[in-house]
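Visitor: I would like to go through this model step by step, with the reasoning behind each answer made plain.

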Amino acid sequence: MTTTTAPAPAATGAGPADVAAKASRDRRPGRRRGLAPGKRLPASRLVGPALVLALWTVASAAGALDPGAVPAPWTVVRTTGQLWSDGTLATDVLTSLRRAAYGFALGLFAGVVLALTAGLSRIGDALIDGTVQLNRAVPTLGLIPLFILWLGIGETFKIAIIAIVVYVPVYLNLHAALSGIDSRYVELAEAQGLSRLTFVRQVVVPGALPGFFVGLRLGVTGSWLSLVVLEQINATSGLGYMMFQAQNYGRTDIILVGLLIYGVFGLVSDSVVRLIERRALSWRRALSN
């Protein structure tokens, strides 16, 4: 009697259960990596400036740049060392930092207070928002002659102009963030019986922080942009004054020293704000994290 045996399934074949499991794995969100930008590169913000510096160095070494118009990087470094050893650069840097700090602190305080008043009150919004929008439409540097007549030509008008440049973006972004909070959160807070202070602390502040940090970054940058102009008006010290004096003597190397220091200050201050933002908004899952 002859017995027949059924052929065994191939060892390398995949059954229906295996195919379904593989398809399920492929559909998981973690498997799709083509849409997100990926992990943050270390010191990624320094790549661009380092590339510009490398191109500047190569072009200067090859003689493609006129040394009288664009001095070589090593010339700028040597000039920086000379100015620092003379003591003039340290004085100018401290003066500029003090002016920027006072103006930024005043503008930040004004922007936050006005935005909270207008964003949390209909009466405050009616009184404040239109005035700020009108101020935004007026070129801030065009207010310099008027502020000189009002406040004199000393330090006060410089700090006031910096404060105006700072408070406008802080107000606009914080006010927009407050106005954009979902009304359903308000209804939920009322249903839970939250007090106004608790509502502001638990709902308003977390919802408005992203917009606040955007305005804060714009305000920090604006303080440095306005400072370089203001320090060329009846000033006796500061980086802008140093650059203005260098222009009279045709010292492009000193002008580049001032511009580079302004750029470094702007990059460092913006990086500090971004670091604080990531710490304060660590609960948020964003592409920038």
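Guide: Helices are DSSP runs of H or I with at least four residues, numbered from the N terminus. The model is a predicted one, and S269 has its place in helix 11.

Visitor: How many helices and how many strands does the protein have?

Guide: Read from the N terminus on, the elements run α-α-α-α-α-α-α-α-α-α-α. The count for the protein is therefore, with the helix and strand runs taken as defined by DSSP, the following: 11 helices and zero strands.

Visitor: Is S269 buried or exposed?

Guide: A residue is called buried when its relative accessible area is under 20%. For S269 the relative accessible area is 17%, so this residue of the predicted model is buried.

Visitor: With which side chain does the side chain of S269 make a polar contact?

Guide: Leaving aside residues up to four places away in sequence, S269 touches V220 and W224. The polar contact, at 3.4 Å, joins the side chain of S269 to the side chain of W224.

Visitor: Which helix gives the most residues to the largest nonpolar core?

Guide: The largest nonpolar core holds 55 residues, and of these I161 and L239 touch the most other members. Among the elements that give two or more residues to this core are helix 4 (88-119), helix 7 (155-179), helix 9 (196-230) and helix 11 (252-280). The element that gives the most, with 14 residues, is helix 7.

Visitor: Which residues does L239 touch, not counting those up to four places away in sequence?

Guide: L239 is, together with I161, one of the residues that touch the most other members of the largest nonpolar core. Once residues up to four places away in sequence are set aside, the residues that L239 touches are L89, D92, V93, S96, E231, I261, Y262 and F265.

Visitor: Is L149 buried or exposed?

Guide: In soluble globular proteins, nonpolar side chains tend to be buried together. L149 is found in helix 6 (residues 144-151), and L146, L149, W150 and L151 form a nonpolar patch on the surface, with about 460 Å² of accessible area together. Since exposed means a relative accessible area over 50%, and the value for L149 is 71%, L149 is exposed.

Visitor: What percentage of the residues in the protein is buried?

Guide: The protein exposes about 18,200 Å², and carbon and sulfur atoms supply 65% of that area. Of the 289 residues in the protein, the buried ones make up 33%.

How values were computed:
Residues are numbered from 1 along each chain as its sequence is written. This is a predicted model: local features need pLDDT of at least 70, side-chain atom pairs count only at pLDDT 80 or more; totals for chains, interfaces and linings use all residues. Side-chain values use heavy atoms; hydrogens and water are left out. Patches are made of residues with over 30% relative accessible area and no salt bridge: like charges are joined within 9 Å, nonpolar side chains (Val, Leu, Ile, Met, Phe, Trp, Tyr) within 5 Å. Accessible areas come from the Shrake-Rupley method with a 1.4 Å probe; for residues, only the protein chains shown count as cover. A salt bridge is a side-chain nitrogen of Lys or Arg within 4 Å of a carboxyl oxygen of Asp or Glu. Buried means under 20% relative accessible area, exposed over 50%, partly exposed in between (1.4 Å probe, protein chains only). A nonpolar core is a set of buried Ala, Val, Leu, Ile, Met, Phe, Trp, Tyr and Cys residues joined through side-chain atoms within 4.5 Å. Contact means heavy atoms within 4.5 Å. A polar contact is a pair of N or O atoms within 3.5 Å; within protein, one must be able to donate a hydrogen and the other to accept it, and residues adjacent in sequence count only if both atoms are side-chain atoms.
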